Amino acid sequence: MRGKAALWPAVAALVAGLLSIGLLAYFGIHLASNALRHEVEHRVDATSSIGVALVRSETGGLTGIVEAYATRPSLRTAFESGDRRTIEEQLRQLRRARPGIATTFASDPAGRLLAIEPATPSIVGRDFSFRDWYRGVQRTGRPYVSRAYVSQATGHPRVVAVAVPVRAQDGTELAIVVAAYSLAHIQHVADGLMSQGVQLTVTDQRGVVLAGPAAGSGLVSLRRNPQVAAALAGRSGVQTVDGENRSLFEAYRPVAPIGWTVVSSVPTDTALARVAGFRLGMWIAVGLALTLLLGVAAFMRTIWRRTRVEAELSRQVSITRAVLDAVRDAISMVDVDGKQVMANARMLDVEQEVFGDEPGRLSIEEAAQHFSDPGRYLAEHELERQNPDAELLSEYELVASRRQFRRLSAPVDDANGNRLGRISVLREVTAEREAEQLKNELVATVSHELRTPLTGVLGFAELLRQPDLDDATRMRYAATIHDEAKRLASLVDAFLDLQRIEAGALTLSVKTLDLRHVVQDAVDVFRATAGEQTLEVELPDEPVEVAADPQRLAQVLTNLLSNAIKYSPDGGTVRVTMEPADGQVRVAVCDEGIGIPAEQARQLFTKFFRVDSSDTRSIGGTGLGLSLAREIVEAHGGRMGVDTVEGEGSTFWFELPLGDRLTATRPRVLVVEDDPGAAELLVTYLGEDFEVEVAANGTIALERAQRRAPAVICLDIGLPGDLTGWHVLASLKDDLRTAQVPVIVCTGVNGHRRAGALGAADFLTKPFTRDDLLDAVTKLLPDRAAEVLVVDDAAPVRRLVAATLEAEGHTIRQAADGEEALEEIARQRPDAIVLDLMMPRLDGFEVLGRLQADPALREIPVLVLTARRLTAPERQTLGVGAVALLEKSDYSAGELRRLVRQALGTEGV
Amino acid sequence: MAEEPARRARVLVCDDEAVLRALVRASLEPTYEIVEAVDGNESVRIARELRPDAIVLDMMMPGKTGLEVLAELRADADFDATPVVMLTARAQAADRAAAADGGADRYLAKPFSPSELARTVAELLQP
């Protein structure tokens, strides 16, 4: 679709181009044709008017000359006296007065020829009164230009006659002097006007051709020619005339006063030949323009296609690049000449470490020095060079960072089997190797930890078999065996507990309890067995209600107390305090021991870690206690830590959510942002609706997220330290604990595609608005969020269940008994109900019965949570209304969540 | 009682685990006089102070490991011939070799038998 959309403008441009060229050609030709037509018409008309002027001046001039002769006194006298010689002499002179005069002659008033020059004696004396010139003079009494006629004089020229009467002094007509003007001469004059194809036709007053193309040897009349006729009628004009086989432009004019006509004409094809030439030129130009336009269009199309191909190619390259960069392995490829043609981001990181800022400057020998085993590196390199087809697998360690890589190197061929080069894939195995080492150490440690009590048991058992032992010794040995066996058992238990917790399978038997009692009980046990140490306990006066597994809590307290006593000097004091505050209760156990060096304090909660000090002498313990204690506290939704000052003592503390804590949890959003201003802004944006936690760098972010997975993570990319946002994102998605947490990449840099490739759920480009952020976060909260009504008369249980389900994104409403539950249900139908059975006023069985009775409520899934051991009939009753049953002794957060998901029909989503 | 030798041989037991020290003591008393050290540093100090005739040395101890204690004592001319029995939870050949290389005379892996320990110490202290 995108291709088509891009094609339309090109087509439109092409059509517009064609249209404008067509219009230009059409109007060009039309205008040129019109202009030329006007010019031709003008020229024809001008020729005709020049013709008229010429004819007028010719005939006028001739008339003047003849008049001058006719008024000569000598000629008059000669006519009066009949002096023929003078008359003939005068006529000869007149004939020579102008070129074109064919003959000159004189007649008497009756029209009889008196004399003629050149002499034609045969016609002298003949009567010519029938001639037009005679009649004209007689009719007008003035000089007259005659019609054309064929003279009877020598040579019989075709002529027009200019006749002028000769009068005596009293006015009587003595004779008529005539000069016959040769039509050939008129033709000659007319020929002089013909140019550029314009032809001139001159007729006399009868329409007889005097000069022009139609003139022949005889007299030709054009009276029927409409133009000639119009001119004879005194009109003038210009017309396009269709001739016999061609059309003509013709201009016609009368020649006043002599009554002749002048018609000038030009064949249109000749006249418009230039237009035709122009038109041809124009069409050629149009053709060229069209060819050019089509060529350009074709070129554009090619370019466009290429651009599209290039865009697609570039998209593919970007995708490939993003995918390569998203891969955790470092990948590079060299061509057959050994030149690197591709390296992904990870590879560039590794190369940066090996080669610094000047890759390629190092020789292979120098590069080898950066690896733990340069000799092997060089040998592998050589092997690769000599066996281009070999796939090689090797492991390297970088000297500087101790990072370990497994390297796979293999040839790469194209589809046709041509060698493209060689690909190297470096997979960092540092963590695996470290894990292996840790595992080995753990095995050794476990082995050591188990063997010590085992040695005691076996050794004293052997000693016990000695026959000569006194009873006291025997009893002592037996007690030691018992203690060591117990220690062995607790070690195994602790170890299994820890494994179970790590597998997420710790079960808590949650009860509502007064934490003061649990603490007091634990302290009492120790007070009974404590040696020289003093145990001080400060407990609040009011009950401190928490929902917890008392045995597990006792386990935690026992561990903390035994550690405190173990590490306290004789006569030292161990103080136990309890401070409820801010929805939490904090229990702290302070000793006056030697404290713990800061770098070791961090490792305290690591399995089998024991502070390396001579003062740990004679202190038993599993090395698992603190690690286990922390897991237990966290399983209760709390946290645990230590504050220690070397040389002054340590305070181990844990915090549990308090029973009377309100709105246990809103969905947690972890904001990973190093810029304090930006972080504060995000907290402001999100704080109203979410529990917001800020991590200023990647390490903290990962630690927080892995400890307790938030609902959503907002991740900045430009972070300080080794871990960029991309690393954090990859690590989050790589860890089972956090892989499901949706991550919104919030950054100013580009990388939308990369974010997607690495598994980000959304991408916000800075700056974004509060609404952008809230929309993005809200959209990502679990779909399975539902409204769950928790019904239990024990508030701590309600709160524990609420906290557990709220962490899933559900909205929780609470009811303290059956009556309240039914009111809540009536007020608004919940999506699911978690129901306790034993409650005051209206118990769970009754609530279930009421729900079953109401068709509108029957479908609400009900999860029964009870501390009761149910009888078979009770189970059967419950089976009708409840979808699931969870006994409090089997309670675990995971199981509750699973059952609620199941009840909501979102399990497995 | 009167026939009691002028002086029982003195054995230094070095182990951070109280129960193991107790076991060693129970295994060797009353034939030998037992003195105890609870970590590596104390082992070296008490050895120099009390000049034991034999040393039962745990491999894994805080402060100094058994091997470090052994190396330090063997470097001292006063202790280059003192019989040393190494005790360790580790039963790996590498540890055995390290103990032998360090100059230990015997090597006992936990769990060890008290009678075996007594026999071993007796052998080592045989003139």
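A salt bridge here is a side-chain nitrogen of Lys or Arg within 4 Å of a carboxyl oxygen of Asp or Glu. The model is predicted, and the tour starts with a pair that meets this rule.

Select Glu17(B) and Arg487(A). They form a salt bridge, with the closest N and O atoms 2.9 Å apart. The rule finds one salt bridge across the interface of chain A and chain B. Polar contacts between the two chains number four residue pairs, with both residues at pLDDT 80 or more.

Next, colour α12 (430–464) and α13 (471–502) of chain A. Each of these helices supplies at least two residues of the side of chain A that touches chain B. The largest share comes from α12(A), which gives 13 residues to that side. By residue class, the side of chain A that touches chain B has six nonpolar, 11 polar and seven charged residues.

Now show the whole contact: 24 residues of chain A and 23 residues of chain B take part. Between them, chain A and chain B bury about 1,900 Å², and 65% of this area is on carbon and sulfur atoms. Then select His448(A), Arg451(A) and Thr455(A), which supply 28% of the area that chain A buries against chain B, more than any other three residues.

Leave the interface lines and go to Gly234(A), in the loop between α6 (226–232) and β8 (237–242) of chain A. Is Gly234(A) buried or partly exposed? Gly234(A) counts as partly exposed because its relative accessibility is 49%, and the partly exposed class lies between 20% and 50%. Finally, add Trp260(A): Gly234(A) and Trp260(A) are 26 residues apart in sequence, and their C-alpha atoms are 9.5 Å apart in space.

Note on methods: Residues numbered from 1 in each chain as written. Chains lettered and ligands numbered in written order. Predicted model: local features only at pLDDT ≥ 70, side-chain atom pairs only at ≥ 80, totals over all residues. Heavy atoms only, no water. Contact = heavy atoms within 4.5 Å. Buried area = accessible area lost by both parts, 1.4 Å probe. Polar contact = N/O pair within 3.5 Å; in protein donor to acceptor, adjacent residues only side chain to side chain. Helix = DSSP H or I, 4+ residues; strand = E, 2+ residues; numbered from the N terminus. Nonpolar A, V, L, I, M, F, W, Y, C, P; charged D, E, K, R; others polar. Buried < 20%, exposed > 50% of the residue type's maximum accessible area, 1.4 Å probe, protein only.
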